[in-house]
Amino acid sequence: MDSMTREHLESDWSPYEEVKVFPMTKDDTFALVCRLFMNIETLRTCPNSPTHLLVSLRDSLRCPINVPGTPFNKAVEGGKVIRQELPNIIRQRKEQISEGKDANARDLLSRLLTEADDDCSVHYEMDASNKIIGLLIASHDTTSTAITVIVNYLASLPHLYEKIYKGNCSWS
């Protein structure tokens, strides 16, 4: 997580004098969540499943008018793409697990596919897919919003930012 965040800050924030924090944290959060939940590093750059698909899925909670160009229509289309891509990712992971290539995987998807519940049932593809989609949506905006609020707070209090940056902040 730390290395991914450092890389994101270095490549997407450092070259600029001013940045739009919220959209950038959305991209970084999505990449980080994909890495933690599914051990996927390249989804951030994949044209079929960028961050806007999650925003589209979130928009499906808005006014349900399915007319081209509306947030709901974009959500329906984004949902179709994610529902097509995620089962492929799950099948690949199941193959890796069965071949022993993913023996030490610590991501959520691998655990969902290998560990049994309290009732001794293993999660099936659709169940794992639904859980991953729910967690992707839930973690996306909440984490991005929290990071944006923290950055805004630190930007408005430069003396506090300097203490934190230098590591001289007392938390007691």
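# Talking through an all-helix model

Colleague: Which residue with a positive phi follows helix 4?
Modeller: Bear in mind that we're looking at a predicted model. Helix 4 covers residues 71-98. After this helix comes a residue whose phi is positive, near 80°, and that residue is Gly100.

Colleague: And what is the reach of helix 4 from its first C-alpha to its last?
Modeller: Helix 4 has 28 residues, and the expected rise is 1.5 Å a residue. That gives an expected span of 40 Å, and the model comes close to it, with a reach of 40 Å.

Colleague: Is Arg93 buried or exposed?
Modeller: Arg93 sits in helix 4, which has other buried residues too, including Phe72, Ile82 and Leu86. To count as buried, a residue needs to be under 20% relative accessible area. Arg93 has 6% relative accessibility, so it counts as buried.

Colleague: How far is the C-alpha of Arg93 from that of Leu113?
Modeller: Along the chain, Arg93 and Leu113 are 20 residues apart. In space, their C-alpha atoms are separated by 8.5 Å.

Colleague: Let's zoom out. How many helices does the chain have?
Modeller: Reading from the N terminus, the elements run α-α-α-α-α-α-α. There are zero strands, and the number of helices is seven.

Colleague: What is the average pLDDT of the chain?
Modeller: Of the residues, 77% score at least 70, and the chain average is 76. One stretch to watch is residues 43-52, where the pLDDT is below 50, although this stretch has 17 contacts in the model beyond near neighbours in sequence. Where pLDDT is low, the predicted coordinates shouldn't be read in detail. So for the whole chain, the average to quote is a pLDDT of 76.

Colleague: Which residue has a positive phi although it is not a glycine?
Modeller: Most residues other than glycine have a negative phi. The one you're after is in the loop between helix 2 and helix 3, and its relative accessibility of 37% makes it partly exposed. With a phi of about 55°, it is Asn39.

Colleague: Now the largest pocket: which helix gives the largest share of its lining?
Modeller: The largest pocket has a volume of about 840 Å³ and is lined by 18 residues. Helix 1, helix 2, helix 6 and helix 7 each give two or more residues to that lining. The largest share, six residues, comes from helix 1.

Colleague: How many residues of that lining are nonpolar?
Modeller: Among the lining residues, Leu9, Trp13, Val151, Leu154 and Tyr161 lie nearest the centre of the pocket. Across the whole lining, three residues are polar and three are charged, while the number of nonpolar ones is twelve.

Colleague: Ser144 and Ala146 are both interesting. Is Ser144 buried or exposed?
Modeller: Ser144 is found in helix 6. Leaving aside neighbours within four places in sequence, Ser144 is in contact with Phe22, Thr25, Lys26 and Thr29. Its relative accessibility is 0%, so Ser144 counts as buried.

Colleague: Then how far apart in space are Ala146 and Phe22, C-alpha to C-alpha?
Modeller: Ala146 lies in helix 6 and is partly exposed, with a relative accessible area of 39%. In sequence, Ala146 and Phe22 are 124 residues apart, but the C-alpha to C-alpha distance between them is 9.5 Å.

Note on methods: Residues are numbered from 1 along each chain as its sequence is written. This is a predicted model: local features need pLDDT of at least 70, side-chain atom pairs count only at pLDDT 80 or more; totals for chains, interfaces and linings use all residues. Side-chain values use heavy atoms; hydrogens and water are left out. pLDDT is the predictor's confidence in each residue, from 0 to 100. Contact means heavy atoms within 4.5 Å. On a 1 Å grid over the protein atoms alone, a cavity is a set of points where a 1.4 Å probe fits but cannot get out, and a pocket is an open set with protein on both sides within 12 Å along at least five of seven lines; lining residues have an atom within 4 Å of a point. Grid points are joined across faces, edges and corners, and a volume is the space filled by probe spheres set on the points. Helices (H or I, at least four residues) and strands (E, at least two) are DSSP runs, numbered from the N terminus. Ala, Val, Leu, Ile, Met, Phe, Trp, Tyr, Cys and Pro count as nonpolar, Asp, Glu, Lys and Arg as charged, and the others, Gly among them, as polar. The expected span of a helix is 1.5 Å times one less than its number of residues. Buried means under 20% relative accessible area, exposed over 50%, partly exposed in between (1.4 Å probe, protein chains only).
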